[in-house]
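Here is a colleague's note, set out in numbered points, to be read with the model open beside the text. Please follow each point on the structure itself before going on to the next.

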Amino acid sequence: MTHFTDLVHPAAGTALISEWLTGTPERSHAAADAMIDQWAAAETPSALLAQHLFISTAGTGLLFYAQWTSDEDHLAWARARRLEMVNRVDTLVPGIERPGLDRTRLHRSVVHDAKRRPGVFAVTTMAADDAENAGVAAPGLLGEHIHLTTDGERAIVVTEWTDAAAQEAAVTHGLDVKQYTLHHSFRNDRAHAGSRSPRV
C-alpha cells in the first residue's frame, strides 16, 4: 500500500477530510464506485490537486482526503457542483450519513520506517495540544501525520501501520480510532506536471 507521504501534494493550500457513514461493506463499495465514476465523468477543476478515497476496515464507511489550492477555490466549486455530484451517489446508495467536513493543514509528518509498506491507516481526532505529544514510536508504527483544523483547536492524526493488529495493540485508551485502507487515488495532471497516481 502507498505511503501517506506519497499522497501529499506539495502545492496544497488546504486538506479536506470528510467521512461518509454507509453501514455495510456492500454499501461502502457501492458508494465508493459511484463516487469514482462521478470523478471520472466530471471535468476536474484545476484547483483540485489530489483526491484520495479510503474504505474503513470494518466496512462501515468511507474517508475522503482532498487537497485543493485553497479553501476559497473549493468553496466556489462546492457551491456550483457538489450537490449535483452527491445527489447522483445518493440515488444509487440512499441513506449515507455525512457528519461534516474538516478543513485542515498538514502540520507535521514523522516517518519512522520508509521501507515497509503500510497495511492499514488509522485516523483519530484529538485536541491540538494533545497531538504534539502523541508521536510515540511503537512496534509496527511506520509514520504519523498531524493535520490541524483551521481554527487551531483540533488535530486529525493519520498514522500508518504494518497491519491492523499492530495498531490495535498500541491504541491509547479513550481515543476513537478508525482503520482504513486506500481504495482509490487521483492526482490532477493539469495542476501538476508529475504522472497521475495509479488507482489502487
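1. A residue is called buried when its relative accessible area is under 20%, and exposed when that area is over 50%. With that cut-off in hand, Thr 104 counts as buried, because its relative accessible area is 0%. Please keep in mind throughout that this is a predicted model.

2. Thr 104 belongs to strand β4, and its surroundings can be listed once the neighbours within four places in sequence are left aside. The residues in contact with Thr 104 are then Thr 14, Ala 15 and Ile 17, together with His 147, Leu 148, Thr 149, Thr 150 and Ile 156. Thr 150 is 46 residues away from Thr 104 along the chain, yet the C-alpha atoms of these two residues are separated by 5.5 Å.

3. The overall build of the protein can be taken next. Its secondary structure comes to four helices and eight strands, and these follow one another along the sequence in the pattern β-α-β-β-α-β-β-α-β-β-α-β. The radius of gyration is 16 Å, close to the 16 Å that the globule rule gives for 200 residues, so the protein is as compact as a globular protein of that length. Taken along the principal axes, the C-alpha atoms fill a box of roughly 45 × 35 × 30 Å.

4. How much of the protein is buried? Buried residues make up 46% of the 200 residues, while the area that the protein exposes is about 9,800 Å², with carbon and sulfur atoms supplying 52% of that area. Among contacts with a separation of 6 or more, 76% are between residues that stand 24 or more positions apart. As for charge, the protein has 18 positive and 25 negative charges, and the mean positions of the two groups are 6 Å apart.

5. The largest nonpolar core has 23 residues, and within it Trp 20 and Leu 62 touch the most other members. Two or more residues come to this core from each of β1 (14-21), α1 (25-41), β2 (48-56), β3 (61-68) and α2 (71-92), and of these α1 gives the most, with six residues. A second core, separate from this one, has 13 residues, including Phe 4, Leu 7, Ile 17 and Tyr 65.

6. Leu 62 deserves a closer look on the model. With its neighbours within four places in sequence set aside, Leu 62 is in contact with Ser 18, Glu 19, Trp 20, Ser 28, Ala 31, Ala 32, Leu 53, Phe 54, Ile 55 and Tyr 180.

7. Is Thr 159, which lies in strand β7 (residues 154-161), buried or exposed? Thr 159 is buried, because its relative accessible area of 13% falls under the 20% cut-off. Beyond the residues up to four places away in sequence, Thr 159 touches Val 120, Phe 121, Ala 122, Leu 141, Gly 143 and Glu 144. The C-alpha atoms of Thr 159 and Ile 146, which are 13 residues apart along the chain, are separated by 8.6 Å.

8. The loop between β4 (97-111) and β5 (120-127) holds Ala 114, and Lys 115 lies in the loop between β4 and β5 as well. Ala 114 is exposed, because its relative accessible area is 57%, a value over the 50% cut-off. Lys 115 is likewise exposed, with a relative accessible area of 78%.

9. Two distances help to place this loop. The C-alpha atoms of Ala 114 and Ala 165 are separated by 19 Å, with their positions 51 residues apart along the chain. For Lys 115 and His 3, which are 112 residues apart along the chain, the separation of the C-alpha atoms is 9.7 Å.

Terms used:
Residues are numbered from 1 along each chain as its sequence is written. This is a predicted model: local features need pLDDT of at least 70, side-chain atom pairs count only at pLDDT 80 or more; totals for chains, interfaces and linings use all residues. Side-chain values use heavy atoms; hydrogens and water are left out. The radius of gyration is taken over C-alpha atoms; the globule rule is 2.2 Å times the number of residues to the power 0.38. Buried means under 20% relative accessible area, exposed over 50%, partly exposed in between (1.4 Å probe, protein chains only). Contact means heavy atoms within 4.5 Å. Accessible areas come from the Shrake-Rupley method with a 1.4 Å probe; for residues, only the protein chains shown count as cover. Lys and Arg count as positive and Asp and Glu as negative; His and the chain ends are not counted. The place of a charge is taken as NZ of Lys, CZ of Arg, CG of Asp or CD of Glu. A nonpolar core is a set of buried Ala, Val, Leu, Ile, Met, Phe, Trp, Tyr and Cys residues joined through side-chain atoms within 4.5 Å.
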